[in-house]
Amino acid sequence: MPVKKASAVWNGNLKEGKGSINSESGVLSEAAFTFASRFEDEGKSNPEELIGAAHAGCYSMALSNELHSAGHDSKSVSTNADVSLEMVDGTPTITKIKLTTKADVPGLSDSEFQKIASATKEACPVSRALASVDIELEASLA
């Protein structure tokens with residue numbers, strides 16, 4: 001499997017500095033981030049947003065695969081990831097990621113769906129990489 005690459009540059013001190021994030025694919029090209037975009041509500045990107053996007057994308061893809069493997073073809077799987085950054089012992093820490101997913105899977109019972117969705121939360125590669133974070137799941141059928 002290929003190694004995926006990204007890079008970041010930070011210029012200046014923590015509060016007044018600014019940075020940019022780049023990805024090898026070019027999807028992220030000089031995506032700006034600042035202290036305010038991480039710890040306040042400035043409208044630029046930030047690492048937590050990118051972790052959330054990666055987790056939502058990975059989970060949606062993994063759930064679709066697990067549904068298919070169990071004999072259920074999904075029409076769509078959409079997932080949102082809310083990443084909580086909080087101060088823990090004076091250090092900014094990602095404390096929780098809440099995945100909210102909705103899947104359109106004709107003919108699948110909710111109980112079977114919940115079982116597959118929960119197992120996928122544990123097996124998703126990004127969930128596994130973030131195992132030290134509390135990951136919550138709210139899953140529903142469309």
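How many helices and how many strands make up the secondary structure of the protein? In this model, which is predicted, the secondary structure comes to 4 helices and 6 strands. Read from the N terminus on, the elements follow one another as β-β-β-α-α-β-β-α-α-β. Along the principal axes, the C-alpha atoms occupy a box of roughly 55 × 35 × 25 Å. Of the 142 residues in the protein, 30% are buried, and among the contacts with a separation of 6 or more, 50% are accounted for by residues 24 or more positions apart.

**The sheet β4-β5-β6**

Three of the strands form an open sheet, arranged in the order β4-β5-β6, and the pairing within this sheet is mixed. The edges are taken by β4 and β6, each of which has a single partner strand, so one side of each is left without a neighbour in the sheet. From one strand to the next, the twist averages 15 degrees. In general, the strands of a sheet pair through backbone hydrogen bonds, in either a parallel or an antiparallel sense. Here β4 and β5 pair in the antiparallel sense, and 13 bridges join them; within this part of the structure, A81 stands opposite L99 in β5.

Two helices pack on the sheet. Helix α2 touches β4, β5 and β6, and its direction makes about 145 degrees with that of β4. Helix α3, for its part, touches β5 and β6, with a direction that makes about 150 degrees with that of β6.

**Helix α2**

Helix α2 covers residues 47–69, and because each of its 23 residues should contribute 1.5 Å, a span of 33 Å is expected, which agrees with the 33 Å that separates its end C-alpha atoms. The N-terminal end of α2 is capped by N46, a side-chain oxygen of which lies 3.1 Å from the backbone nitrogen of E48. After the helix comes G71, a residue whose phi is positive, near 90 degrees.

Which residues of α2 are buried? They are E48, G52, H55, A56, C58, Y59, S60, A62, L63 and L67; E48 thus appears both in this buried set and as the residue whose backbone nitrogen faces the capping side chain of N46. The cover over the buried residues of α2 includes the helices α1 (35–39), α3 (110–123) and α4 (125–129), together with the strands β4 (76–88), β5 (91–104) and β6 (134–141).

**Salt bridges**

The structure holds 4 salt bridges, and the table sets out three pairs, including their N-to-O distances.

| Pair | N to O distance |
|---|---|
| K96 and E136 | 4.0 Å |
| K98 and E138 | 3.1 Å |
| K121 and E122 | 3.4 Å |

The salt bridge between K96 and E136, with its closest N and O atoms 4.0 Å apart, links distant parts of the chain, since K96 belongs to strand β5 and E136 to strand β6, with their positions 40 residues apart. K96 is partly exposed, at a relative accessible area of 28%, and E136 is likewise partly exposed, at 31%.

The side chains of K98 and E138 meet in a salt bridge of 3.1 Å, and this pair also joins distant parts of the chain, with K98 in strand β5 and E138 in strand β6, 40 residues apart. K98 counts as partly exposed at 27% relative accessibility, and E138 is partly exposed with a relative accessible area of 43%.

In the salt bridge between K121 and E122, the closest N and O atoms are 3.4 Å apart. Is K121 buried or exposed? K121 counts as buried, because its relative accessibility of 16% falls under the 20% limit used for that class. E122, by contrast, is exposed, with a relative accessible area of 52%.

**The loop between β1 and β2**

Towards the N terminus, K15 is found in the loop between β1 (6–11) and β2 (18–23). K15 is exposed, because its relative accessible area of 55% is over the 50% required for that class. Although K15 and T34 are 19 residues apart along the chain, their C-alpha atoms are separated by 7.8 Å.

Notes: Residues numbered from 1 in each chain as written. Predicted model: local features only at pLDDT ≥ 70, side-chain atom pairs only at ≥ 80, totals over all residues. Heavy atoms only, no water. Expected span 1.5 Å × (residues − 1). Buried < 20%, exposed > 50% of the residue type's maximum accessible area, 1.4 Å probe, protein only. Contact = heavy atoms within 4.5 Å. Polar contact = N/O pair within 3.5 Å; in protein donor to acceptor, adjacent residues only side chain to side chain. Pairing = 2+ DSSP bridges. Axes fitted to C-alpha atoms, helices over the stretch in contact; angles between N-to-C directions.
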